[in-house]
Amino acid sequence: MAEGEGFNPKLKWKLGLISSGGKYLTSDGFGSKIHATGAEMKKKQIFTVDPYAEYVNLVAPNGKFLSAGQKGELEAAKTEAGKEEQWTIEALDDGRWALKSSFGYYLGHKGEEVHSFSRGYLPGSDKVHDPEDQGTAKWTVHLAIHPQVVIRNNNRRSEERR
């Protein structure tokens, strides 16, 4: 698969990410800042997961990519995805996600401030590298779509076949 080629464009998920403090990851409407301030999922809290083979890109509500710099700075300002816009989703045992930047740091928060310099969890445990980060790199996923399942019964006769 060529670099930049979508893994499966049909699987772009729209979702909200809820911090351990109970607030939604929020993109401000007039700039590129990201905060954890939303009390409920509205337009500014709906992010799109754009999957690729080894990573995902997160598209903010403003249509720009969520970027993490080498020093943990976070913004949604770029219109094209590069290395800074690559994230790895790690599903945790409790059902929440940890989002790891291409620089090896995790998306975390301290109150309403969101950053990407948490070192995350020790392998095979629920313990974090830094005690101050306990639980701050865990995000609950809230799907912004309503999955629909259509079940077909081959034994049922349709009006066309009668």
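Lys78, Glu84 and Glu85 are wired together in a network of salt bridges, at least in this predicted model. Within that trio, the side chains of Glu85 and Lys78 come together at 3.8 Å, N to O. The two partners sit in rather unlike surroundings: Glu85 counts as buried, because its relative accessibility is 2%, under the 20% limit, whereas Lys78 comes out as partly exposed at 33%. Lys78 belongs to strand S7, which spans 74-78.

Glu85 also has business with Asn57. The side chain of Asn57 reaches the backbone oxygen of Glu85 at 2.8 Å. Asn57 itself is part of strand S5, residues 56-59, and with a relative accessibility of 2% it counts as buried too. Leaving aside residues up to four places away in sequence, the neighbours that Asn57 touches are Thr48, Val49, Asp50, Tyr52, Phe65, Ala81, Glu85 and Gln86.

One of those neighbours, Asp50, leads to another charged pair. Its side chain meets that of Lys12 in a salt bridge, with an N to O distance of 3.9 Å. Lys12 comes from the segment before S1 and Asp50 from strand S4, so this pair ties together parts that are 38 residues apart in sequence. Here again the carboxylate partner is the buried one: Asp50 has a relative accessibility of 9%, while Lys12 is partly exposed at 44%. A further salt bridge joins the side chains of Lys42 and Glu40 at 3.7 Å, N to O. In that case Glu40 is partly exposed, with a relative accessible area of 47%. The count for the whole structure is six salt bridges.

Turning to the nonpolar side of things, the largest nonpolar core has 20 residues, and Leu25, Ile34, Leu74, Trp87 and Leu107 are the ones with the most contacts inside it. Plenty of strands chip in: S1 (13-18), S3 (34-38), S4 (47-51), S5, S6 (65-68), S7 (74-78) and S9 (97-101) each supply at least two residues of this core. Leu107 gives a feel for how these residues are surrounded. Not counting residues up to four places away in sequence, it touches Leu25, Leu74, Trp87, Leu99, Val114, His115, Ser116, Thr136, Ala137 and Trp139. Among these, Leu25, Leu74 and Trp87 are also on the list of core residues with the most contacts.

Ala137 crops up again in the surroundings of Ala98, a residue of strand S9. With residues up to four places away in sequence set aside, Ala98 touches Thr88, Ile89, Glu90, Leu92, Tyr106 and Ala137. Ala98 is buried, with a relative accessible area of 0%. Its C-alpha lies 9.1 Å from that of Thr140, although the two residues are 42 places apart in sequence.

As for open space, the second largest pocket holds about 180 Å³. It is lined by 13 residues, and those closest to its centre are Lys33, Ser67, Glu73, Leu74 and Glu75. Strands S3, S6, S7 and S11 (113-118) are the elements that give two or more residues to this lining. Leu74 therefore plays a double part, since it lines the pocket and also ranks among the residues with the most contacts in the largest nonpolar core, whose members are by definition buried.

Note on methods. Residues numbered from 1 in each chain as written. Predicted model: local features only at pLDDT ≥ 70, side-chain atom pairs only at ≥ 80, totals over all residues. Heavy atoms only, no water. Helix = DSSP H or I, 4+ residues; strand = E, 2+ residues; numbered from the N terminus. Buried < 20%, exposed > 50% of the residue type's maximum accessible area, 1.4 Å probe, protein only. Polar contact = N/O pair within 3.5 Å; in protein donor to acceptor, adjacent residues only side chain to side chain. Contact = heavy atoms within 4.5 Å. Core = buried A, V, L, I, M, F, W, Y, C linked by side-chain atoms within 4.5 Å. Salt bridge = Lys/Arg side-chain N within 4 Å of Asp/Glu carboxyl O. 1 Å grid on protein atoms, 1.4 Å probe; cavity = no way out; pocket = protein on both sides within 12 Å on 5 of 7 lines; lining within 4 Å. Points joined across faces, edges and corners; volume = space filled by probe spheres on them.
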